[in-house]
Amino acid sequence: MSKKILILPGDGIGPEIVAEAVNVINCLREESGLEVELDEALVGGAAYDAAGHPLPEATLELAREADAILLGAVGGAKWESLDIAVRPEKGLLGLRSELNLFANLRPAILYPQLADASTLKPEVVSGLNLMIVRELTGGIYFGQPRGIRKLESGEKEGYNTLIYKESEIDRILRVAFDIARKRESRVCSVDKANVLECTELWREVAIRTGKEYPDIELSHMYVDNAAMQLVKAPKQFDVMVTTNMFGDILSDAAAMLTGSIGMLPSASLDKHGKGMYEPIHGSAPDIAGQGVANPLATILSVAMMLRYSLDEPAMADRIEQAVDQVLDQGLRTADIISDGMQQVGTEAMGNAVVAALKS
Ligand code: NAD
């Protein structure tokens, strides 16, 4: 039966890069029999302009019906002065919480062809292929009570709550173990169990759940050490799993190891494998409309979608190989250009991936 994909181009460079990803999906439909139906809707600033809300009910309804969602990016200066409740980012956060997308998968992959783009020495990062699994709907970003209160002394005090139930920890650990099975079978669980009781429980549950995955090598690391190891020897990791806040910070650091924000996809999954797929970068208003944005992160997000929501791992492999091939051909968008390479725009890069898929 044909699966439904909802396309949400969003703002800024979103529509430009998503158009190239849709061409890739259409190529697989025509050439390889991929059975999917595409719908398109508004989200973010574009939705606010058209419907007065960054996540209109009609978009949410289509998102609920879809098997997978492909999102470009949201946001831009135009909407920054709006009330926080209707800012573009609320569209994204609303989708994550309404669809219960609790597992955020952030691969950090450094194609050997781009090793020079990293700020680290090529030998430290070349060939890096790490997956960070971040808990996305719990922890300190959502825990209650939270707020800023005034003390009797007149001084103000800010407070947040780091809180996880055993079931929340268990389900994200299972996602990490399942992913590790398709990779090198190693999971590093990151916590701060020496200081925070909540993550002491995290470690306890990780060990308990890990016993059900005897084929996976489970290790534990304190978050401060994990940050250090990520910049010292990142290739030691296969899958890292951690809390919402630790994952937020570590995944950004890991992304920057690769030096090319325009290359990295991401997925946010629910417990049934339904997911929202998007590049990790934002709407890049500084280059929007110029046809120079790198579409590869969005195209690689389609590969993740095929692997994690549409059960088409062979097609996912083909997209990744096609991207590898265009990099081998020396094609580069402006963000990843280096000496001796051929600079191309968004559309030419997208076309090259489609041509490689067909070859
Ligand atoms: P950004 O990721 O949009 O841009 C950072 C820098 O990277 C810019 O110089 C940009 O030109 C460049 N860049 C980003 N994507 C690129 C691509 N595909 N190809 C080439 N260069 C690329 O981050 P920012 O400038 O901090 O934020 C801009 C807007 O995006 C803000 O409104 C922010 O809130 C929003 N944002 C949205 C998301 C999302 O939709 N998931 C994520 C982050 C930021």
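**Figure 1. Backbone polar contacts to the ligand in the predicted model.** In this close-up of the predicted model, a polar backbone atom of Val74 lies 2.9 Å from an oxygen atom of the ligand. An oxygen atom of the ligand is also 3.0 Å from a backbone N or O atom of Gly76, and for Gly282 the distance between a polar backbone atom and a ligand oxygen atom is 2.7 Å. The ligand, which exposes 800 Å² when taken alone, has 68% of that area buried by the protein.

**Figure 2. The shell of residues around the ligand.** There are 20 residues around the ligand, and those that come nearest are Val74, Glu89, Gly282, Ala284 and Asp286. Sorted by class, the shell is made up of nine nonpolar residues, seven polar residues and four charged residues.

**Figure 3. Helix α4 and the elements that cover its buried residues.** Helix α4 spans residues 88-98, and its buried residues are Pro88, Gly91, Leu92, Gly94, Leu95 and Arg96. An α-helix has 3.6 residues a turn, so residues three or four places apart point the same way. The cover over the buried residues of α4 includes the strands β1 (3-10), β3 (68-73), β11 (265-269) and β12 (275-279), together with the helices α2 (45-51) and α3 (57-65). After α4 comes Asn100, whose phi is positive, near 55°.

**Figure 4. Cys188 and Cys198, with no disulfide between them.** The model has zero disulfides when a pair of cysteine sulfur atoms must lie within 2.5 Å to count. The cysteine sulfur closest to that of Cys188 belongs to Cys198 and is 18 Å away, so the two are too far apart for a bond. Cys198 is likewise in no disulfide, since its nearest cysteine sulfur, that of Cys188, lies at 18 Å. Cys188 is buried, with a relative accessible area of 5%, and Cys198 is also buried, with a relative accessible area of 15%.

**Figure 5. Gly273 in the loop between β11 and β12.** Gly273 lies in the loop that joins these two strands, and with a relative accessible area of 18% Gly273 counts as buried, because the cut-off for that class is under 20%. When residues up to four places away in sequence are left out, Gly273 touches Tyr308 and Ser309. Glu65 is 208 residues from Gly273 in sequence, and the two are 14 Å apart in space, C-alpha to C-alpha.

Note on methods:
Residues numbered from 1 in each chain as written. Predicted model: local features only at pLDDT ≥ 70, side-chain atom pairs only at ≥ 80, totals over all residues. Heavy atoms only, no water. Near = heavy atom within 4 Å. Polar contact = N/O pair within 3.5 Å; in protein donor to acceptor, adjacent residues only side chain to side chain. Areas by Shrake-Rupley, 256 points an atom, 1.4 Å probe, with all protein chains shown as cover. Nonpolar A, V, L, I, M, F, W, Y, C, P; charged D, E, K, R; others polar. Buried < 20%, exposed > 50% of the residue type's maximum accessible area, 1.4 Å probe, protein only. Helix = DSSP H or I, 4+ residues; strand = E, 2+ residues; numbered from the N terminus. Contact = heavy atoms within 4.5 Å.
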